[in-house]
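Ready for a few exercises? Have a look at the model below, then work through them one step at a time.

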Amino acid sequence: MLSRNLEEIILRIEKARIAYSRHQIVKIVAISKYQSVDSIQGLYALGQRAFGENKVQDLKSKSEALEQLPLEWHYVGTLQSNKINALLSLKPFMIQSVHSVEIARELEKRLQRNQQTLKALVQVNSAREESKSGFMPEELLERYAEIEETCPHLRLCGLMSIGAHSDDYALIQKSFETTKNLFDRLKHAEILSMGMSGDFELAIACGGNMVRVGSLLFRKGSFL
Ligand SMILES: *Cc1c(COP(=O)(O)O)cnc(C)c1O
């Protein structure tokens, strides 16, 4: 089932990617929250290397259980300051969800002390939803520059955003376009992480180059 899910997703990504630009490369981060170590291992066997978790505790238990595999772990949850040490001790590949200047500074302090660096994306709340973390679009550029300047151990690589929570295609598209416009105004930014199971093709059509796919990838049974 995993191989069929992955194959279908790769085909759909390829189509969307080529329609956008032949030169666009899109990376899949498999969001493995709610999934077992066995499922992650199954996807690894199919070639998947990047996985994402939204809870530090789950990242810890899964990355430790699978530490013999060369996996790339992405933290995508809203980080609380009392979990920073635990997160950094796991040496994740990247944190995608820097959502405030305060958390960035606290990360910086610990990274500096540990003589460690960490790749990071800054989260934008492009749909302006109260339930979501991240910077409002109008403050993003200024805050991004501030974090870049004051937190050198955080290696900023771009932006992460969650599309509008809506059935209205136009609304989701608008939130992705907002994120893309901000991304285009950043210097040196390479990663635009947007798109999940329900909207990754739209995210790619709007210029996203990293998709975070969970439920569609791990779903059981066939809907074909
Ligand atoms: C859960 C989650 C995803 C994946 O969502 P699906 O709809 O299951 O693909 C992507 N990004 C973040 C930040 C998440 O928390």
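**Exercise 1: the two sides of a helix**

Take the buried residues of α1 (buried: under 20% relative accessible area, exposed: over 50%, partly exposed: in between, with a 1.4 Å probe and protein chains only): they are Asn5, Leu6, Glu8, Ile9, Ile13, Ala16 and Arg17. Work out where they sit around the helix and what they touch.

Step 1. They cover an arc of only 165° around the axis (taken from the directions from the helix axis to the C-beta atoms), so they lie on the same side of α1.

Step 2. Flip to the other side of α1, and you'll find Glu7, Leu11, Lys15 and Ala19 exposed.

Step 3. The buried residues pack against β1 (27-31), α2 (37-45), α8 (200-205), β8 (210-213) and α9 (215-218), where contact means heavy atoms within 4.5 Å.

A word on the ground rules: this is a predicted model, with local features needing pLDDT of at least 70 and side-chain atom pairs pLDDT 80 or more, while totals for chains, interfaces and linings use all residues. Residues count from 1 along each chain as its sequence is written, and side-chain values use heavy atoms, leaving out hydrogens and water.

**Exercise 2: a salt bridge across a loop**

Find the partner of Glu138 and say what the pair links.

Step 1. Glu138 pairs with Arg128 in a salt bridge (side-chain nitrogen of Lys or Arg within 4 Å of a carboxyl oxygen of Asp or Glu), their closest N and O atoms being 3.0 Å apart.

Step 2. Glu138 lies in helix α6 (residues 137-150) and Arg128 in the loop between β5 (118-124) and α6, so the pair ties together parts 10 residues apart in sequence.

Technical notes:
Helix = DSSP H or I, 4+ residues; strand = E, 2+ residues; numbered from the N terminus.
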